[in-house]
Amino acid sequence: GSSWEYIKTEVNGKVGIIQLHRPKALNALCDGLINEVNTAAQGFDKNDDISAIILTGSEKAFAAGADIKEMATREFIDVYNSTMFANWGDITKVKKPVIAAVNGFALGGGCELAMMCDMIIAGDKAKFGQPEIKLGTIPGVGGTQRLIRAIGKSKAMHLVLTGDMIDAHQAERDGLVAKVVPADKLMEEALAVANKIAAYSRPITRMAKEAVNASYEMSLQEGLKYEGRLFYASFATADQKEGMDAFVNKRAPTFTHK
Ligand code: CAA
């Protein structure tokens with residue numbers, strides 16, 4: 001769609017790509033930008049020709065955070081009454097796998113938005129951080145919550161309390177990032193991963209994503225039960241029959257997303 005103001009969208013085979021495109025502000029995440037990301041992501045989620053989604057930025061910045069200029073003069077009652085940032089989490093409601101492909105800065109809300117995706121693939125020049133402390137505020141869309149789950153308390157505290165950045169390799173060692181590739185190979189790699197996922201059964205990738213995400217919310221016993229229910233449910237799909245029959249008969253499966 002060319003009707004976007006802050007993003008660009010593209011379809012590459014079965015992969016929907018959303019590129020944050022607000023170059024003058026290092027993709028700072030103003031309200032309009034987040035609304036467009038949500039609209040585009042929901043559109044791809046509903047589109048039967050799309051099996052996976054990539055969210056990316058530019059070489060300089062995935063996103064340098066929430067828009068500080070937009071927020072600077074807001075009062076408590078404004079941000080409270082409007083439940084500022086509440087719709088940012090909408091990206092986590094997308095059922096298809098969402099890959100964050102991060103080059104450059106992923107700071108504050110940019111790091112938080114990347115963490116809302118299902119995995120982060122980073123270019124080797126990427127930098128991650130939660131610098132809100134330097135602005136006299138704290139992370140507001142998951143930086144104090146998702147980061148702990150990704151890298152543990154001590155490392156998360158370090159980022160949140162110092163405002164320091166970590167580079168892509170550190171982020172990979174810490175478990176924030178799934179894979180680091182040369183910056184100019186980022187989209188190629190993200191597309192390779194997305195296409196690999198897209199070749200599988202869509203309802204099954206949805207179940208897999210749902211089961212992994214359930215672990216955020218549940219105890220081990222509840223989570224195992226949840227996983228078990230979805231595992232059993234996979235046997236109600238034609239694609240499980242196809243996948244296992246193809247293995248047994250030494251042929252490639254053809255998934256029909258049923
Ligand atoms: N909001 C609004 N504008 C931003 C921005 C942001 N988060 N980040 C960068 N910009 C703007 C700059 O103001 C500048 O605009 P002008 O040319 O009009 O002055 C333009 O983008 C380019 O930025 P710089 O000149 O600063 O570029 P740089 O290469 O010197 O520095 C940077 C890059 C280190 C990322 C620096 O821009 C920076 O520190 N940005 C802010 C990072 C930050 O604090 N993010 C957290 C925001 S708060 C938040 O996200 C809350 C939350 O939890 C949701």
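Helix H1 covers residues 31–46, and its 16 residues should span 22 Å at 1.5 Å a residue; the end C-alpha atoms sit 23 Å apart, which agrees. The expected span here is 1.5 Å times one less than the number of residues. Helices are DSSP runs of H or I with at least four residues, strands are runs of E with at least two, and both are numbered from the N terminus.

This is a predicted model, in which local features need pLDDT of at least 70, side-chain atom pairs count only at pLDDT 80 or more, and totals for chains, interfaces and linings use all residues. Residues are numbered from 1 along each chain as its sequence is written, and side-chain values use heavy atoms, with hydrogens and water left out. On confidence, the chain has a mean pLDDT of 97, with 99% of its residues at 70 or more; pLDDT is the predictor's confidence in each residue, from 0 to 100. The model also scores ipTM 0.98 and pTM 0.97.

Back to H1: its buried residues include Leu33, Ile34, Val37 and Phe44, but also Glu36, Asn38 and Asp45. Buried means under 20% relative accessible area, exposed over 50%, and partly exposed in between (1.4 Å probe, protein chains only). Among the elements covering those H1 residues are strands S1 (7–12), S2 (15–20) and S3 (52–56).

H10 passes the length check too: 15 residues should span 21 Å at 1.5 Å a residue, and the end C-alpha atoms are 21 Å apart. Its buried residues are Gly223, Gly228, Leu230 and Ser234, and they pack against H9 and helix H11 (238–248).

Here are three single residues with their surroundings.

| Residue | Location | Relative accessibility |
|---|---|---|
| Asp164 | loop between H6 (153–162) and S9 (165–167) | 38%, partly exposed |
| Thr205 | helix H9 (202–214) | 14%, buried |
| Tyr232 | helix H10 (220–234) | 54%, exposed |

Leaving out neighbours within four places in sequence, Asp164 is in contact (heavy atoms within 4.5 Å) with Phe128, Gly129, His158 and Leu159. Asp164 is also 37 residues from Lys127 in sequence, with 9.9 Å between their C-alpha atoms. With the corresponding exclusion of residues up to four places away, Thr205 touches Pro97, Ile197 and Tyr200.

Tyr232 joins Phe231, Phe235 and Met244 in a nonpolar surface patch of about 440 Å².

Definitions and conventions
Patch = residues over 30% accessible without salt bridge, like charges linked within 9 Å, V, L, I, M, F, W, Y side chains within 5 Å. Areas by Shrake-Rupley, 256 points an atom, 1.4 Å probe, with all protein chains shown as cover. Salt bridge = Lys/Arg side-chain N within 4 Å of Asp/Glu carboxyl O.
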